[in-house]
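User: I'd like to learn how to read a protein model with a ligand in it. Could you walk me through it?

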Amino acid sequence: MISFVWAEDKNHVIGKNGKLPWKLPNDMKFFKKVTSGHPIIMGRKTFESFPNGPLPGRENIVITRNNDFSYPGVTVIQDINELNMDPNKNYCVIGGAQIFKLYSDIVDKLFVTKIDHEFTGDTFMVDLPWQKFELVSRIEGKVDEQNLWAHSFEEYERK
Ligand SMILES: NC(=O)c1ccc[n+]([C@@H]2O[C@H](COP(=O)([O-])OP(=O)(O)OC[C@H]3O[C@@H](n4cnc5c(N)ncnc54)[C@H](OP(=O)(O)O)[C@@H]3O)[C@@H](O)[C@H]2O)c1
């Protein structure tokens, strides 16, 4: 199974200058809960946005065209077809936009955090075949002094 896990603002912004445009600890917790124990697939730029290297408790798979790229504890692939996907595993594609695009026709589940705010950004979520998905869960996040914007956690499954 392939799941997408991402957060976006009202205009589908997902990134700015190689980083997330916001600080939203509730979303970090949600991300950890959804992805822990599962392989995560990401683009080289998203990997390089992590301050401490690979995320623990998950197989980190990085896609790059650079044959020389390597990092301890990371599985590196140059093409998505290189990955021998185990049908019993839930592969979490965690971005960025370039990598979501590669999997958008075959993704099974969507976990999106919708942030009710307009940020400036330079990277946007790709178009998805939304008509083929149905909402199965929606949870409102808690706004507080650490989590300044209204946000909700939505989960969709392929119909
Ligand atoms: N809000 C969210 O949920 C979320 C999630 C993830 C990322 N982001 C943000 O999104 C931004 C990064 O996204 P991005 O779209 O610019 O970059 P990205 O998808 O993370 O990485 C792009 C890189 O992936 C590699 N790549 C792309 N297509 C490939 C292919 N077909 N075959 C082999 N390698 C391929 C290339 O690496 P090489 O150049 O090394 O060849 C390319 O430069 C950052 O700002 C990040 O913080 C946000």
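Analyst: We will go through the ligand site, then a few backbone features and some distances.

Analyst: This is a predicted model, where local features need pLDDT of at least 70, side-chain atom pairs count only at pLDDT 80 or more, and totals for chains, interfaces and linings use all residues. Residues are numbered from 1 along each chain as its sequence is written, and side-chain values use heavy atoms, with hydrogens and water left out.

User: Thanks! Which residues come nearest to the ligand?

Analyst: A residue is near a molecule or strand if one of its heavy atoms lies within 4 Å of it. Here 26 residues surround the ligand, and Ala7, Arg44, Thr46, Thr64 and Arg65 come nearest.

User: How do those residues divide into nonpolar, polar and charged?

Analyst: By convention, Ala, Val, Leu, Ile, Met, Phe, Trp, Tyr, Cys and Pro count as nonpolar, Asp, Glu, Lys and Arg as charged, and the others, Gly among them, as polar. In this shell there are 10 nonpolar, 11 polar and 5 charged residues.

User: Which helices and strands each supply at least two residues of the shell?

Analyst: Helices (H or I, at least four residues) and strands (E, at least two) are DSSP runs, numbered from the N terminus. At least two shell residues come from each of β1 (2–8), β2 (13–15), α2 (44–48) and α3 (97–103). The largest share belongs to α3, with 4 residues.

User: Which polar atoms lie close to the ligand's oxygen atoms, and at what distance?

Analyst: A polar contact is a pair of N or O atoms within 3.5 Å; within protein, one must be able to donate a hydrogen and the other to accept it, and residues adjacent in sequence count only if both atoms are side-chain atoms. In this model, a polar side-chain atom of threonine 46 is 2.6 Å from a ligand oxygen. A backbone N or O atom of glutamine 98 is 3.0 Å from an oxygen of the ligand, and for a polar backbone atom of leucine 20 the distance to a ligand oxygen is 3.5 Å. Taken alone, the ligand exposes 940 Å², of which the protein buries 87%. Such areas come from the Shrake-Rupley method with a 1.4 Å probe; for residues, only the protein chains shown count as cover.

User: And where does the ligand sit?

Analyst: On a 1 Å grid over the protein atoms alone, a cavity is a set of points where a 1.4 Å probe fits but cannot get out, while a pocket is an open set with protein on both sides within 12 Å along at least five of seven lines; lining residues have an atom within 4 Å of a point. A molecule sits in one if more than half of its atoms lie within 2 Å of its grid points. This ligand sits in the largest pocket.

User: Back to threonine 46: is this residue buried or exposed?

Analyst: Buried means under 20% relative accessible area, exposed over 50%, and partly exposed in between (1.4 Å probe, protein chains only). Threonine 46, in helix α2, is buried at 17%. Its side chain also reaches the backbone nitrogen of glycine 96 at 2.9 Å.

User: What should I know about the peptide bond from glycine 95 to glycine 96?

Analyst: Most residues other than glycine have a negative phi, and most peptide bonds are trans. The bond from glycine 95 to glycine 96 is cis, with omega near 0°. Glycine 96 belongs to the loop between β6 (91–93) and α3, and is buried at 17% relative accessibility.

User: Which residues other than glycine have a positive phi?

Analyst: One of them is histidine 12, with phi near 70°. Histidine 12 lies in the loop between β1 and β2 and is partly exposed at 40%. Another is asparagine 17, with a phi of about 50°. Asparagine 17 is placed in the loop between β2 and α1 (25–35) and is exposed at 64%.

User: How do I read separation in sequence against separation in space?

Analyst: Set the two values side by side for a pair of residues. Isoleucine 2 and lysine 109 are 107 residues apart in sequence, with 6.5 Å between their C-alpha atoms. Isoleucine 2 is in strand β1 and is buried at 6% relative accessible area. For arginine 65 and proline 87, 22 residues apart along the chain, the C-alpha separation is 25 Å. Arginine 65 is in the loop between β4 (60–63) and β5 (74–77), and is exposed at 77% relative accessibility.
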